[in-house]
Each structure stands twice: as C-alpha cells, then as structure tokens.
Amino acid sequence: MASSTALISDTEAWKDLKGHVEDIKKTHLRDLMTDANRCQSMMMEFDGLLLDYSRQRATVETVDKLLNLAKAAQLTEKISRMFNGEHINSTENRSVLHVALRAPKDAVIKADGKNVVPEVWNVLDKIKEFSEKIRSGSWVGATGKPLKDVIAIGIGGSFLGPLFVHTALQTDPEALESAKGRQLRFLANIDPVDVARNINGLNPETTLVVVVSKTFTTAETMLNARTLREWITAALGASAVAKHMVAVSTNLALVEKFGIDPNNAFAFWDWVGGRYSVCSAVGVLPLSLQYGFSVVEKFLKGASSIDQHFQSTPIEKNIPVLLGLLSVWNVSFLGYPARAILPHSQALEKFAPHIQQVSMESNGKGVSIDGLPLPFETGEIDFGEPGTNGQHSFYQLIHQGRVIPCDFIGIVKSQQPVYLKGEVVSNHDELMSNFFAQPDALAYGKTPEQLQKENVSENLIPHKTFSGNRPSLSLLLPELTAYNVGQLLAIYEHRVAVQGFVWGINSFDQWGVELGKVLATHVRKQLHSSRTQGTTLEGFNYSTTTLLKRYLETSSEPQM
C-alpha cells in the first residue's frame, strides 16, 4: 500500500483537535476529577495490569477526537502492516518484526513471504542449550574451570535493553535463586574506565565474554572486544579465545576472523532494530547465562501477551494505542516537550534510560516518512528516576515549574518485602503511599485560599501555592516478575510506534546517529597522524583546532 504524501496535520481530525485545545485550557483537573463516569471510562485493565489515565488533561470528548485522529492516520492498518512483515521501515527497506522474537512456537509471522518464527526458535533453542552447558559446568574455560562470570559487550540497543531487564530481575526471588554464584556485567562505553570497572575483581579463567554487534563492525563494541580479547590472551594464551568469547552477530566471516568459533555465534536478523532487540539473542543470551532460559522465557511470554493485545484489541480499549495517542496530545497539541517516567520500584531503575533510547531515537524526527518537513513537533524528551528518589531531585520543577506529563508505574507486591515491628506500614506501603499521592498532588495542587485557611503567613502564600492541573497517568502491575517486565517493555515499545504511526514518521531508522560518527573518523585520523608523524592540525574550524591542540599537548597517551 503506497503511503499518502499528505501530512496528518492537514486532516480534519488534526484541525478539530487544534480547535479543541481552547476548550481544554478552560478546564482544571480539580474539576475533571469530580466526574466519576469520566474517570471510570479512563481506566483500562488487561492481563493483571491496570491503566488509569483520568489525570490527563482530557475529557471524554478529547479521547473521541484522538480516536478519530488514529483513524485519519490509518493506525490499525499500519499496525497490521507491521505484524504482516511489510517493509514499513521504508528508508532502510526493512520489515519491523521484533514481535516475532517473542511469538509462540506455533505462530506464523512472515517476512518477505517466509515464516520467521521457526528461525527465531532455532536460535532460542540454541541459546537454551548453550546457556545450560555454561551454567551446569559442562562447558569449561581454558584451564578447566567453570565460567561463572559474563561480560556482555555492546552499545545502544545492545546494552540498554538487556541492562534494564537484568536490573529488574536481580531481586526477583525466582531469578535471584537461579543466578546464585554468577555475575553479569555490561561493557558499553568506549571509555577505558568502563573496561577497568568491568574487569575489576574478575578472573579471565572464569569469565565468558559475549560480543554483541550485528555487523561485527560497531567501532566502540569492537574496540572493547579487542581490549577484552587482549585481557584473556595475556592471561591464558591466544587459543583461549574460542573457549572464553562468543558472539551475537549476523557476520559470521568477521566473527571467525576475530577468533571466535562461528558455531558459538548467535544470529539475529535485519528486521530487528537495535533498540528493539532485547528479545533477540542480544538480550536473551546474556540473560539466560545469568538466570537460566526458563526465567527469560517468561519475560518473552509477558511481552508476547502485550503484542497480542496490541494487535487484536479495538483502539478504544488498546493500552499502547491509548498511551500513544495521549502522548501525541501532550506533545503536539498541549505543547509539553518532555515526559517523566517514574517507576516506584528500585528494580526498574534502568527502565527510563532504556525508554529514552526507544522513544528518542525512534521519534526524534523532523520529516515525514515521505521526506516532507513537519510543521509540528514530534518526539519527547524522556527522563526519569525511581520513586521516591526523583521526589528529592526534580519533582520541584514538575510541581511548581514547567509542566511535564508523568508516568507513574507502581507494583502491588514488592519483590523483597520488609515490615519492621512498630512501624505504621511496611516499607513497600510507604513507597506506594507516594505512588498514590503524587498524581493527586500534581492534579489538584494547592490554592491560596487553602493556605489562608491553614494560617500560612501572607508572604509565604505565593511560594506555597501549587497551580495543579499537571497531567499524569498511573500504571499498576500486580508484581514484578520476568513476565511483568516483558509486559512493561512491550507496552512502551508499541506506544512509541503508535506515536510515530500517527505523526506519519519512520520510527524505525536512526540516521541522526550517523553524522557525529563520520566527523569522529576525521578526528581519529588526525590524532593518529599527529601522534605518529607529528603532522599539524588541518581541516578543522578555529574552535576544534584549539581544543585538539590542547588535548594533544597535554594528554599522556603513549606515542604509537
């Protein structure tokens, strides 16, 4: 189906919402929240999850208009095209099929006319078999010792997603039990400090290194891989590489050239975007080595449950669709450029950094999928911290400064409950009290009249007044098992896709990453020639020349 070259902002549905903004400006959440029917209509339940978006600056009419916008953007057709394996990533001529990575064995999901689910499961079965060998000690290192420590090398999508899931599972009782005596670390940054921190306290004899690079050419990942190869060979000899290093890659020729046995390479496909790859071997291999395949399979099932909901549920009851439409409303109509992700669980401390990439790399675009400049803003600035840490950090701005829509994520049952004798409530209840209170504080605020009744002195009233009317939504999960972590991941992945589908942009390429890399190549060449041949700096502007000169004069790098 050829995509229309008209912009979504030209449609009647968009113009209708633009006009509707004036109506919403006259409302306050204090009043909207008194309408129980409205609030009830803004709650959705699915598979143990509860979404409450009644604290968004929206009426029932707003939601209807947003659903009309979804129809004008042909949202359901675009979702179907994604699940059908059509090349919706048009600039790279690729399918977008991360949903196939967690599909049940009997599912049929086609790319270029071929069902890819059997291939996916071949790799999953291979990971299961390999991770069991390592975990049981039947595969040993070069000196005969079991490999109990894993360093996964990768950057961007090969790092942020797996790190989020690893951090979320570390304190889950089942996963914790499975990981006894094992360590998993992630090396991403090219900074040698990151290398030093990763190998600190580890013995090459008991360490397995997983190199994650689709092409096996990613500059940062390959330099780190060579650095750890040197660490292993210096201790154990060159032949140890085959025992202590494995790869997640599609480029078997380069894997072999590097010294890794191609039989120990785990494939993924070009229809998997990096930031959507945590459910491929990119995440499943290191996570299975740490927690065992059965735990990771539950994570995949949780993501799959949301995939099926997203694909088959009507848009008015579809959680990722509603979340995506509300984000479009906040960004493009109400003009809020940022979003705070506030999980009330320390286990989710790496969730916001992962979603930063999923969202900002996907939707940070200035042209439509047909290359037309957009007359409206897309994407949002994502940031966040677990509650209640964020409360003592940036909530001041959110309450009395700029308006920033907030996502509150709560967990009913703590992974690690504590109830101290003599305390009024358990530690988890204390945390969750804030989860329930903060959205109301943002919505209602506090008026000068209320402060006067409390006998607050006149000079402090302006400082203690809260305007309220600040939007948020609440997502309540029953617990935080591997399954729930998968659900949460898929909700946000699909929400980002919905935003892109409505805005009419390509959420699945990332050309903006390239330019800085290209310019860095020129700098790299200059540093090499200046250090080895003493060549003068050429081809840079005055500012860069001055900075480079200072760096070369004072850095203590060895002469090569």
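Student: Which residue does Glu61 meet in a salt bridge?
Tutor: Keep in mind that this is a predicted model. Side chains of opposite charge can pair when their charged atoms come close. Here the N to O distance is 3.6 Å, inside the 4 Å cut-off for a salt bridge. The partner of Glu61 is Lys65.

Student: And in which helix do Glu61 and Lys65 both lie?
Tutor: The two residues are four apart, about one turn of the helix. That helix covers residues 60-72, and its label is H4.

Student: How many salt bridges turn up in the whole structure?
Tutor: The Glu61 and Lys65 pair is a salt bridge, and so is the pair of Arg102 and Glu493, at 2.8 Å from N to O. A search of the whole structure brings the count to 22.

Student: How is the chain split up, and which residues make domain 2?
Tutor: The domain assignment builds domain 1 from three stretches, 8-73 + 315-415 + 424-505. Domain 3 is 514-554. That leaves domain 2, which the assignment places at 99-298.

Student: How much area do domain 1 and domain 2 bury between them?
Tutor: Their centres, taken over C-alpha atoms, are 35 Å apart. Still, 22 residues of domain 1 are in contact with 21 residues of domain 2. Of the area they bury, 62% is on carbon and sulfur atoms, and the total is about 1900 Å².

Student: How many residue pairs are in polar contact between domain 1 and domain 2?
Tutor: The interface of these two domains has two salt bridges by the rule. For polar contacts, both residues of a pair have to be at pLDDT 80 or more. On that basis the count is nine.

Student: Which element gives the largest share of the side of domain 1 that touches domain 2?
Tutor: Two elements give two or more residues to that side, helix H16 (351-363) and helix H21 (482-503). The residues there divide into 12 nonpolar, six polar and four charged. The largest share is eight residues, and it comes from H21.

Student: Now the open sheet: why is one side of S6 and of S9 left without a neighbour?
Tutor: Five strands form this sheet, in the order S6-S5-S7-S8-S9, with parallel pairing. S6 (183-187) and S9 (265-266) stand at the edges, so one side of each lacks a neighbour in the sheet, as each has a single partner strand.

Student: What is the bridge partner of Ile151 in S7?
Tutor: Strands of a sheet pair through backbone hydrogen bonds, either parallel or antiparallel. S5 (residues 149-153) and S7 (residues 207-212) pair in the parallel sense, over five bridges. In S7, the partner of Ile151 is Val209.

Conventions. Residues are numbered from 1 along each chain as its sequence is written. This is a predicted model: local features need pLDDT of at least 70, side-chain atom pairs count only at pLDDT 80 or more; totals for chains, interfaces and linings use all residues. Side-chain values use heavy atoms; hydrogens and water are left out. Domain bounds come from an automatic or database domain assignment. Contact means heavy atoms within 4.5 Å. Buried area is the accessible area (1.4 Å probe) that two parts lose on being put together, summed over both. A salt bridge is a side-chain nitrogen of Lys or Arg within 4 Å of a carboxyl oxygen of Asp or Glu. A polar contact is a pair of N or O atoms within 3.5 Å; within protein, one must be able to donate a hydrogen and the other to accept it, and residues adjacent in sequence count only if both atoms are side-chain atoms. Ala, Val, Leu, Ile, Met, Phe, Trp, Tyr, Cys and Pro count as nonpolar, Asp, Glu, Lys and Arg as charged, and the others, Gly among them, as polar. Two strands pair if DSSP finds at least two bridges between them.
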